[in-house]
Amino acid sequence: MANPTAAMLVIGDEILSGRTRDANMNFLAQELTKHGVDLKEARVVSDDAAAIEKAVKELSAAHDHVFTSGGIGPTHDDITADCIARAFDTHIDVRADARALLEEHYQRTGLELNAARLRMARIPDGATLIENPVSTAPGFTIGNVHVMAGVPAVFEAMVASVLPKITGGAPLLSQSLRVDRGEGDIAAILSQLAEDFPDLSIGCYPFQRDGIFGANVVVRGSDGARVDAAVTRLSKDLQQ
């Protein structure tokens, strides 16, 4: 049985401008791989309402799970929650349970829960909250879309809250073999290996170090015995 599929939607002008380097995609990919969920697609969109809504609808229809990152903070350009609500054609407003979390947090820290901060308690109808043990302001899940913050520490904590509630499949296993030969020299060998092991993913990643051309060949699959067999076969073929 095939593993569940997922997509990631990274939201924010700061990513597309190069001002901020995204770290969340790499983290999510690693965690989903361990959980047996296959990350099949990732998109980055600007802080544009129409673009966010379109991407959410398309990704939600195409995959079992969608993870969004960014745009749920207190400022005017944090529009993700509103866009998600429109994508699901549902109402959004400050919700009592989310507000209670923020009230307790800001009372404890001695800061004011002003109108801007209260924006983080706006949750679409029908959504469930995603716990945020780092800074309290929750994310939320609606349908198959998990809406999370862009700050890496908060995003990672929210992923840890969500994943135990998702049914995964077989974790993806991988082995890597360094080959000190150019891609052109091993292309035929890899093509035959891929043909003989169609259930595995075989990637070739070239490098150049100290004047030496080579490649790291990575074999991935959910069956450890098959991965072992493919790597063993590759090692033998390269020695011939």
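This passage describes two sheets and the helices that pack on them in a predicted model.

The 6-stranded sheet is open, with strand order β2-β1-β3-β8-β7-β6. Its pairing is mixed. Strands β2 (38–45) and β6 (128–130) occupy the edges. Each of these has a single partner strand, so one side of each lacks a neighbour in the sheet. From one strand to the next, the twist averages 20°.

Strands of a sheet pair through backbone hydrogen bonds, in either a parallel or an antiparallel arrangement. Both arrangements can be followed along the 6-stranded sheet, whose pairing is mixed. Strands β1 and β3 are parallel and share 5 bridges. Within this pair, A6 has H65 of β3 as its bridge partner. On to β8, β3 again runs parallel, here with 4 bridges. F67 stands opposite H146 of β8. At the β6 edge the sense is antiparallel: 3 bridges link β6 to β7 (residues 139–142). There, I130 faces G139 of β7.

Strand β3 merits separate attention. How many of the residues of β3 are buried? The count is 5 of 5, so the strand is largely enclosed by the rest of the structure. In a regular strand, side chains alternate between the two faces of the sheet. For β3, both faces are covered. H65, F67 and S69 lie on one side, and V66 and T68 lie on the other; all are buried. Two of these buried residues also appear in the bridge pairs: H65 is the partner of A6, and F67 stands opposite H146.

Helix α3 (residues 49–62) lies across this sheet, over β1 (5–11), β2, β3 (65–69) and β8 (145–148). The helix runs at about 170° to β1.

The other sheet is also open. It has 3 strands in the order β9-β11-β10, and the pairing is antiparallel. Strands β9 (173–179) and β10 (201–209) stand at the edges. Each has a single partner strand, so one side of each is left without a neighbour in the sheet. Neighbouring strands are turned by 20° against each other on average, direction ignored. Strands β10 and β11 (residues 212–221) are antiparallel and are joined by 9 bridges. One residue pair in this ladder is G203 with V218, the latter in β11.

Two helices pack on this sheet. Helix α8 (residues 183–196) touches β9, β10 and β11. Its direction makes about 170° with that of β10. Helix α9 (residues 224–239) lies across β9 and β11, and runs at about 10° to β9.

The two helices also pack on each other. The angle between α8 and α9 is about 150°, and their axes are 11 Å apart. This makes the pair roughly antiparallel, because the angle is over 145 degrees. The crossing of α8 past α9 is right-handed. From α8, the contact draws on I186, I189, L190, Q192, L193 and D196. These meet R226, A230, R233, L234, D237 and L238 of α9. By class, the contact contains 7 nonpolar, 1 polar and 4 charged residues.

Terms used
Residues numbered from 1 in each chain as written. Predicted model: local features only at pLDDT ≥ 70, side-chain atom pairs only at ≥ 80, totals over all residues. Heavy atoms only, no water. Pairing = 2+ DSSP bridges. Axes fitted to C-alpha atoms, helices over the stretch in contact; angles between N-to-C directions. Contact = heavy atoms within 4.5 Å. Parallel < 35°, antiparallel > 145°, perpendicular 65-115°, else oblique. Left-handed = near helix turned anticlockwise from the far one by under 90°. Nonpolar A, V, L, I, M, F, W, Y, C, P; charged D, E, K, R; others polar. Buried < 20%, exposed > 50% of the residue type's maximum accessible area, 1.4 Å probe, protein only.
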